[in-house]
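Trainee: I should like to learn how to read a protein model, feature by feature. May we begin?

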Amino acid sequence: MPGQTADRDPLPGNEGIGALLAGFLTNLTRRPDEYGAADTARLSTVLLDLTAAMLHQRLGTSPPPGVGRHALLVRIHEHIDRHLGDPALSPATIAGAFHISTRYLHKLFQSQELTVAGWIRRRRLHGARRDLADPSQNDLPIHAIAARWGFPSPAQFSRAFRAAHDLSPAAYRRQAESWQSQRCSALLHRGFTLVDH
């Protein structure tokens with residue numbers, strides 16, 4: 001892009017690729033605990049591709065091949081996250097929402113190390129695991145948490161959760177409660193020790 005300059009107006013974050021980039025960055029900063037070290041390379045690639053696409057759009061140049069695929073994948077991930085509670089969420093409904101074939105959707109996910117259904121299941125299980133460990137939701141029955149995250153069958157949820165975490169949902173909840181209780185006790189003890197000295 002030598003010799004080209006963008007005007008000094010702010011880049012729009014509420015339309016086009018700027019909106020995709022803004023949404024991507026917002027999701028990253030709102031839920032950083034949902035992404036592990038293994039996600040860093042993929043997330044960096046998506047960030048760079050979206051930034052490059054936005055700048056190319058602003059300068060009126062053509063982005064390199066592949067940028068559109070990454071941008072579409074970001075939009076699909078956001079769509080999935082918004083619809084995790086819908087038990088009907090599936091590759092077919094996602095493809096329909098984006099007016100693409102299910103075959104193309106599966107092709108997009110080849111770089112994700114998971115199938116579309118696997119991605120949905122992992123995101124649902126992550127949300128359910130977070131809710132099971134949340135002390136403010138201890139009174140909510142496990143089947144209600146499962147339903148909230150798109151698992152209408154408690155048995156199906158229990159099998160999927162056990163396969164992912166080597167614990168039943170009830171055992172995971174008890175373990176989280178025990179850990180939180182121990183942590184609170186340690187903090188209280190440490191606080192009393194600090195006050196005494």
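Mentor: We shall take the helices, the buried residues, the core, a pocket and some loop residues in turn.

Trainee: What kind of model is this, and how are its residues numbered?

Mentor: This is a predicted model, in which local features need pLDDT of at least 70 and side-chain atom pairs count only at pLDDT 80 or more, while totals for chains, interfaces and linings use all residues. Residues are numbered from 1 along each chain as its sequence is written, and side-chain values use heavy atoms, with hydrogens and water left out.

Trainee: How many helices and strands are there in the chain?

Mentor: Helices (H or I, at least four residues) and strands (E, at least two) are DSSP runs, numbered from the N terminus. Here the chain has nine helices and zero strands. Read from the N terminus on, its elements run α-α-α-α-α-α-α-α-α.

Trainee: What span should helix H8 have at 1.5 Å a residue?

Mentor: The expected span of a helix is 1.5 Å times one less than its number of residues. Helix H8 (residues 154-165) has 12 residues and should therefore span 16 Å; its end C-alpha atoms are 16 Å apart, which agrees. Helix H1 (residues 16-30), with 15 residues, reaches 21 Å from its first C-alpha to its last, close to the 21 Å expected.

Trainee: What share of the 197 residues in the chain is buried?

Mentor: Buried means under 20% relative accessible area, exposed over 50%, and partly exposed in between (1.4 Å probe, protein chains only). Buried residues make up 32% of the 197 residues in the chain. In H1, they are Gly18, Leu20, Leu21, Phe24 and Asn27.

Trainee: Why do buried residues of a helix point the same way?

Mentor: An α-helix has 3.6 residues a turn, so residues three or four places apart point the same way. In H8, the residues Phe157, Ala160 and Phe161 are buried. They cover an arc of only 100 degrees around the axis (the arc is that of the directions from the helix axis to the C-beta atoms), which puts them on the same side of H8. Arg159 and Ala163, on the other side of H8, are exposed.

Trainee: Which residues are buried in H4?

Mentor: The buried residues of H4 are Pro91, Ile94, Ala95 and Phe98. Seen down the axis of H4, they fall within an arc of 100 degrees, so they line one face of the helix.

Trainee: Which residues have the most contacts inside the largest nonpolar core?

Mentor: A nonpolar core is a set of buried Ala, Val, Leu, Ile, Met, Phe, Trp, Tyr and Cys residues joined through side-chain atoms within 4.5 Å. The largest one has 26 residues, and those with the most contacts inside it are Ile76, Ile80, Ile94, Phe109 and Phe157. The elements that give two or more residues to this core are helix H3 (67-82), helix H4 (91-98), helix H5 (102-108), H6, helix H7 (142-148) and H8. H6 supplies the largest share of this core, six residues.

Trainee: How much space lies in the second largest pocket?

Mentor: Rolling a probe the size of a water molecule over the atoms shows where empty space is left. On a 1 Å grid over the protein atoms alone, a pocket is an open set of points where a 1.4 Å probe fits, with protein on both sides within 12 Å along at least five of seven lines; lining residues have an atom within 4 Å of a point. Grid points are joined across faces, edges and corners, and a volume is the space filled by probe spheres set on the points. The second largest pocket holds about 170 Å³ of space. It is lined by 13 residues, of which Ala117, Ile120, Arg121, Arg124 and Gln156 are the closest to its centre. Helix H6 (116-133) and H8 are the elements that give two or more residues to this lining.

Trainee: Where is His99, and is it buried or exposed?

Mentor: His99 lies in the loop between H4 and H5. This residue is exposed, with a relative accessible area of 75%, and its phi is near 55 degrees, a positive value in a residue other than glycine. Glu113, in the loop between H5 and H6, has a positive phi of about 65 degrees and is exposed, with a relative accessible area of 66%.

Trainee: Where does Ser168 lie?

Mentor: Ser168 lies in the loop between H8 and helix H9 (169-196). Its relative accessible area is 14%, and it is buried.
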